[in-house]
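Here are my notes on this one, jotted down as numbered points. Have the structure open while you read.

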Amino acid sequence: MSQFHLRKQLRQFCAHEITPVDQIIGHNSTSEVLQAANSNLQSARSAGIMNTLGFIRDAALYSHPLKNSFRRELAKSEIWHRLRELLYHKHSVVRSNTIYTIGKLTFRPKAKLLVEAFPHYLKTDPVNLAGLMSELRWLTGRWNWTLINQIAAAPHFLQRWSLCSASYDQTHSPSDRARFEALFQKLSNDSTSVLAAEAVFRCESLMVKSRHSDHLGRV
């Protein structure tokens, strides 16, 4: 298959259930597929970029005969340079998909891409901050409290509001839970009333989950 048709196929990719990824990889070398994907991520429109990201995720995660070889080639490919660039794409939906892809692929050393991008997101894209922090936690196995505290001290209420995302309720250690409760209690006194109200809700929600967890532990 020519690179032109391969790039088109990736731009139109919907899901593994519709087009099994090994049907694409099986008719092309892995290097050819990654070359086409890299080209799409560099020059396609937003929809084509997101479909290509979907293909990369499915090819790297679904169980198929070529999965291991694909992941080996992906690990050392130029795709990671494109993902770094896409973290700063002009369209929010592309940035969001890129964050999700970096986390979902679970190449844990690539967490550094999200750490590098954090200052940019804190300054210009608070909407996607929660997703970035959640995927960073997934890749590193812990919450980055240095970055969380920077968000809590940020000057704009939308930056601080990003801490009220439901993703921050996904805590498991007692120490993290206590720190988030303290954080939400502090935000409950925020000068922006709607943020303060949301922080109260998040704090109470976290305490309810804590009591429920403790109850289950005693049963």
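1. Let me start with a helix pair. Helices α7 and α9 are roughly parallel to each other, because their axes cross at roughly 10° and angles under 35 degrees count as roughly parallel. The two axes come within 9 Å. For orientation, α7 covers residues 92-105 and α9 covers residues 129-140. Bear in mind throughout that this is a predicted model.

2. Who makes the contact? On the α7 side, look for Ile99, Tyr100, Ile102, Gly103 and Lys104. Their counterparts on α9 are Gly131, Leu132, Glu135, Trp138 and Leu139.

3. Now to the loops on either side of α7. His91 sits in the loop between α6 (79-86) and α7. Is His91 buried or exposed? Neither label fits: its relative accessibility is 35%, so His91 counts as partly exposed. If you want a distance to check in your viewer, take the C-alpha atoms of His91 and Gln170: they are separated by 27 Å, with the two positions 79 residues apart along the chain.

4. The other loop, between α7 and α8 (111-124), holds Thr106. I'd look at its backbone: Thr106 is not a glycine, yet it has a positive phi of about 60°. Most residues other than glycine have a negative phi. As for exposure, Thr106 has a relative accessibility of 24% and therefore counts as partly exposed; the buried class is for values under 20%.

5. Stepping back to the whole chain: how many helices and strands are there? The secondary structure comes to 13 helices and 0 strands. Reading along the sequence, you just get α repeated, from α-α-α at the start to the end of the pattern. The C-alpha trace spans about 60 × 45 × 30 Å along its principal axes.

6. On packing, the chain has 219 residues, and buried ones make up 49% of them. Take the contacts between residues at least 6 apart in sequence: 65% of these join residues at least 24 apart.

7. Last, the surface and the charges. The chain exposes about 11,300 Å², and carbon and sulfur atoms supply 53% of that area. There are 28 positive and 17 negative charges. How far apart are the mean positions of the positive and negative charges? They are 3 Å apart.

Key:
Residues numbered from 1 in each chain as written. Predicted model: local features only at pLDDT ≥ 70, side-chain atom pairs only at ≥ 80, totals over all residues. Heavy atoms only, no water. Helix = DSSP H or I, 4+ residues; strand = E, 2+ residues; numbered from the N terminus. Buried < 20%, exposed > 50% of the residue type's maximum accessible area, 1.4 Å probe, protein only. Contact = heavy atoms within 4.5 Å. Areas by Shrake-Rupley, 256 points an atom, 1.4 Å probe, with all protein chains shown as cover. Lys, Arg positive; Asp, Glu negative; His and termini not counted. Charge placed at Lys NZ, Arg CZ, Asp CG, Glu CD. Axes fitted to C-alpha atoms, helices over the stretch in contact; angles between N-to-C directions. Parallel < 35°, antiparallel > 145°, perpendicular 65-115°, else oblique.
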